[in-house]
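This briefing looks at how aromatic side chains are arranged and at how far their residues are accessible. Please keep the sequence and the structure in view while reading.

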Amino acid sequence: MKKIAMLFMLFCSFAMSSQEIVGDWSGTLKTQGMELRLVFHISEANNIHSGTLDSPDQKAFGIPISSINLKNSKITISLDKLRAIYNGTLGDSGIIIGTFNQGGQSFKLNLSKDKLTERVLERPQEPKKPFPYYSEDVTFLSEGGSVKLSGTLTLPSKNGKFPVAILISGSGPQNRDEEYMTHKPFLVLSDYLTRKGIAVLRYDDRGFGESTGNHNTATSLDFAFDVKCAINYLRTRDEINKNQIGLIGHSEGGLIAPIVASEMEEVDFMVLLAGPGVSGSEVVLQQLKATAELNKMTSEELEGETEFLKGIIKILSRENKNVFKRQQLKTYFKSQLSELDDINGMNKAEYIDSNIAQLMRPWYLYYIKHEPSKYLKQVKCPVFAINGSKDSQVVPENLNFIESALKVGGNKDVTIKEYEEMNHLFQKCETGAISEYASISITMDSQVLDDISKWILKMVNE
């Protein structure tokens, strides 16, 4: 049997020629319950292959492929910009069977030259033009003019002066709609608030969408500076009531908003949507525990994963140079993974390097040590902080820490609310797992939208 198998492999090794791999290869990546269509465009010139990747569902096109390597029937596609690698094998059916590896995780992804069909998702809350309000594409500058932030300002009308809310997105590069898991929470929220008489500014994160700058080198402090520039821009608009400028931060945005509010008296109100109340290191440990419960991990498995994560956090939290942290992380990973040869489709060295690259990002190094209470204690404006009871990304216990820090600082206008049976996006859900997000048609529960708008209107009309 072994000889037959070897002969079959040898036969396959001659099946893929240089020309056969040229063309458009499509597949659907299923990750954390979300289905993403991916299209690889591969060309060849002078026996060298190159190409780009499209992710239509994320509206990301022309992502450069760093290298394409062919060996017998196997293909390896490297995407340095995404810190991802695709490994596949061309079968006799003309389909590439493979895995997409990113951030230490591996997902099955088979590719064919068949064109993928367009998927139509039911999203009843997404507004359709024409809108009963004024909408304008705007730009403003940050970082001394070196970063141009592009967004959308919606106004109840062009006549009058209105209260305004700046929407601050969660972690990772986000567009102005905070598009995530096939939902557009900020589009839905901005539409609802503007219809209620509240102006809204939402914008693409720096280095993403139509905004310039480098997202990969930025930290939460850089994003906070962008929000400050957004406030200064709004103060130049005649349609905005300069004494009624507020912030609405979701997830990491709920970490960024208190930084800004603690340093700018111009912030008149603040809404925290699933914002963290503890340090980044505590948040990731909370996430691990919540995920373990969802995945029915044994207590022994959870204990092992927790100790492993604590070891990483300890190294990252040390006050030494990054070059030493990298060395210590590599040694630590090698000691923990000594018995494993192949992980998630990568060899051990590739797996370690991929994880260290993620952990050593400037954003993560800042986030892991950030203490929200330091800033929350200095916030004096009215605050409305909410969470879903089944949130597995920022668990609802964070509300207790947010409330405590605000009250320790002397803030007497604090409203806290936990919504039963809701997840991180404030959708009614079964478990709270990320895998559910895309399958739920509602983007943000109507009760949450109503509560936010009523609270803001109450604050600005008092």
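A residue counts as buried when its relative accessible area is under 20%, and as exposed when that value is over 50%. The structure discussed here is a predicted model. Two rings are taken as a pair if their centres lie within 6.5 Å, and by this rule the model holds 12 aromatic pairs.

**Phe-40 and Tyr-86**

- The ring centres of Phe-40 and Tyr-86 are 5.7 Å apart and their planes meet at 35 degrees, so this pair is classed as tilted.
- Distant parts of the chain are linked by this pair, since Phe-40 belongs to strand 2 (residues 34–45) and Tyr-86 to strand 7 (residues 84–90), with the two positions 46 residues apart in numbering.
- Tyr-86 has a relative accessibility of 0% and therefore counts as buried, and Phe-40 is likewise buried, with a relative accessible area of 0%.

**Phe-384 and Trp-455**

- Phe-384 and Trp-455 make a stacked aromatic pair, with 5.6 Å from centre to centre and 25 degrees between the planes.
- Because Phe-384 lies in strand 18 (residues 383–388) and Trp-455 in helix 13 (residues 446–461), the pair ties together parts that are 71 residues apart in sequence.
- Phe-384 is buried at a relative accessible area of 4%, and Trp-455 is buried at 8%.

**A cluster of rings**

- Phe-140, Tyr-203 and Tyr-233 are joined into a cluster through ring pairs.

Methods. Residues numbered from 1 in each chain as written. Predicted model: local features only at pLDDT ≥ 70, side-chain atom pairs only at ≥ 80, totals over all residues. Heavy atoms only, no water. Phe/Tyr/Trp six-rings, centres within 6.5 Å; stacked < 30°, edge-to-face > 60°. Helix = DSSP H or I, 4+ residues; strand = E, 2+ residues; numbered from the N terminus. Buried < 20%, exposed > 50% of the residue type's maximum accessible area, 1.4 Å probe, protein only.
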